[in-house]
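Biologist: Could you take a close look at the aromatic residues and set out what can be said about them, with the cut-offs stated?

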Amino acid sequence: MTGEGGRGFRLFALVCCLSFTAFGALQWNDPDPWLWMTVYGYAAFLCWMAYKGRFLKTSMRVGMVLCLLFGVYLFFDTDGVAAWFLDHDAENLVQNMKAEKPWIEKTREFGGLAIVFSALAFLSSRMKNSG
């Protein structure tokens, strides 16, 4: 697989790789660090491979499907995004970086999945068969 877009594409892939690596590193004090370090690490790896010109199309699709499924779960969970919006008046997500309320934590996690999904979808949309 090859990517279209030349330098801009590679720059996007590199910025995403570095961002996801940083996001993963910041998860060490999360209640479930193994999960989020894995999510961000997987995304960083795929972005790095895209930057290097090696596209793992199936791995990107698997990542996107898992993000979508987990995102749907977080959206409709009892303390998920819908609850944050409907039952808690879309309470401020960044007033305190320690999420003491489960609907805030799950809404932030949903946002992280949305960012990963979007990056992988963009990179995937720019891939074409090389042969």
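Modeller: What follows deals with the aromatic pairs and then with a charge placed over a ring. This is a predicted model, in which local features need pLDDT of at least 70 and side-chain atom pairs count only at pLDDT 80 or more, while totals for chains, interfaces and linings use all residues. Residues are numbered from 1 along each chain as its sequence is written, and side-chain values use heavy atoms, with hydrogens and water left out.

The structure holds eleven aromatic pairs, where rings of Phe, Tyr and Trp (its six-membered ring) pair if their centres lie within 6.5 Å, and planes under 30 degrees apart count as stacked, over 60 as edge-to-face and the rest as tilted. Phe 9 and Phe 55 form a tilted pair, at 5.6 Å centre to centre with 55° between the planes. This pair links distant parts of the chain, 46 residues apart, with Phe 9 in helix 1 and Phe 55 in the loop between helix 2 and helix 3 (helices are DSSP runs of H or I, at least four residues, numbered from the N terminus). Both Phe 9 and Phe 55 are buried, that is, under 20% relative accessible area with a 1.4 Å probe and protein chains only, whereas exposed means over 50% and partly exposed lies in between.

Trp 48 and Tyr 51 form another tilted pair, 5.3 Å centre to centre and 35° between the planes; because they are three residues apart in helix 2, about one helical turn separates them. Trp 48 is partly exposed, its relative accessible area being 36%. The charged end of Arg 10 sits over the ring of Tyr 51, 4.2 Å from its centre, the criterion being CZ of Arg or NZ of Lys within 6 Å of the ring centre and within 35 degrees of the ring normal.

Conventions:
Helices (H or I, at least four residues) and strands (E, at least two) are DSSP runs, numbered from the N terminus.
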